[in-house]
Amino acid sequence: MSRIGKAPIPVPNGVDVSIASGSITVKGPKGQLSQELPDLVTVSQEGDALEVHRADDTSQSRALHGLVRSLVANMVTGVSDGFRKELEIVGVGYRAVPKGKNSLELALGFSHPVVVDAPDGIEFVVPQPTRIEVHGIDKQLVGQVAADIRAWRKPEPYKGKGVRYVDEHVRRKAGKAGK
């Protein structure tokens, strides 16, 4: 039995869950998310918790059991609390400037500024010119947008310049050894 899949998902107050044939929709104070469910897994609401059940013990249904439970739990957390990824910009002259609520202009050492537009459901917050916060209700989308921003200038190992996650450790290398 999947240890992740058999754990119940608590549903906080203010979150409405509707389960239709083959899909689940979660509505909360921050928004609404929906997900298609595979045929091998079913979701049922029992009281103020959600239970995920699988049809049989095949390896595919066991794998989907834990996956669907994690996806539904992330949906419930997203519509109630939301998700956030923090990025840090390191380097002389590297900075981020917000251009409205849905756009970000990055100076990353290129000859031109890099403009990043936020997809629907994503919001950029720039508390300092060297910090970026990506907010949203969809955990997958928040992580992907943060990874796309980081991909413009990954941290390099010699001076540590680039865009990194706040909790990321960059392993530094020694430079050229002089004679």
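Let me start with the pairing of strands β11 and β12. Strand β11, residues 122-128, is joined to strand β12, residues 131-136, by 5 bridges, and the two run antiparallel. They form a hairpin with 2 residues between them. Within this hairpin, Val125 of β11 has Glu133 of β12 standing opposite. I should say at once that this is a predicted model, and everything I describe today is to be read in that light.

Allow me to step back to the chain as a whole. Its secondary structure comes to 2 helices and 13 strands. The C-alpha trace spans about 65 × 45 × 25 Å along its principal axes. A compact globule of 179 residues would have a radius of gyration near 16 Å, whereas this chain has 21 Å. Of the 179 residues, 37% count as buried. Among the contacts with a separation of 6 or more, 49% are made by residues 24 or more positions apart.

I turn next to a sheet formed by earlier strands. It is an open sheet of 3 strands in the order β1-β6-β5, with antiparallel pairing. Which strands stand at its edges? They are β1, residues 9-10, and β5, residues 41-46; each has a single partner strand, so one side of each is left without a neighbour in the sheet. Between β5 and strand β6, residues 49-54, there are 6 bridges, in the antiparallel sense. As an example from this pairing, Gln45 stands opposite Leu50 in β6. Helix α1, residues 59-80, packs on this sheet and touches β1, β5 and β6. The direction of helix α1 makes about 160 degrees with that of β6.

Another open sheet of 3 strands has the order β8-β9-β10, and here too the pairing is antiparallel. Its edges are β8, residues 95-98, and β10, residues 114-117; because each has a single partner strand, one side of each is left without a neighbour in the sheet. Neighbouring strands of this sheet are turned by 25 degrees against each other on average, direction ignored. Strand β9, residues 103-107, is joined to β8 by 4 bridges. Opposite Arg95 we find Ala107 in β9.

The loop after β9 brings me to the aromatic residues. How many aromatic pairs does a search of the whole structure find? The search finds 1. The pair consists of Phe110 and Trp152, with ring centres 6.4 Å apart and planes at 70 degrees, so the arrangement is edge-to-face. Phe110 lies in the loop between β9 and β10, while Trp152 belongs to helix α2, residues 139-152; the pair therefore ties together parts that are 42 residues apart in sequence.

Are these two residues buried, or do they reach the surface? Phe110 has a relative accessibility of 34% and counts as partly exposed. Trp152, with a relative accessible area of 41%, is partly exposed as well. For both, the values lie between the 20% cut-off for buried and the 50% cut-off for exposed.

Phe110 has a further neighbour to mention. Arg153 lies over the face of Phe110, at 4.4 Å from the ring centre. Elsewhere, Lys85 lies over the face of Tyr165, at 5.2 Å from the ring centre.

To close, I return to Phe110: its ring is paired edge-to-face with that of Trp152, and Arg153 lies over its face.

Key
Residues numbered from 1 in each chain as written. Predicted model: local features only at pLDDT ≥ 70, side-chain atom pairs only at ≥ 80, totals over all residues. Heavy atoms only, no water. Pairing = 2+ DSSP bridges. Axes fitted to C-alpha atoms, helices over the stretch in contact; angles between N-to-C directions. Phe/Tyr/Trp six-rings, centres within 6.5 Å; stacked < 30°, edge-to-face > 60°. Buried < 20%, exposed > 50% of the residue type's maximum accessible area, 1.4 Å probe, protein only. Lys NZ or Arg CZ within 6 Å of the ring centre and 35° of its normal. Rg over C-alpha atoms; globule rule 2.2 N^0.38 Å. Contact = heavy atoms within 4.5 Å.
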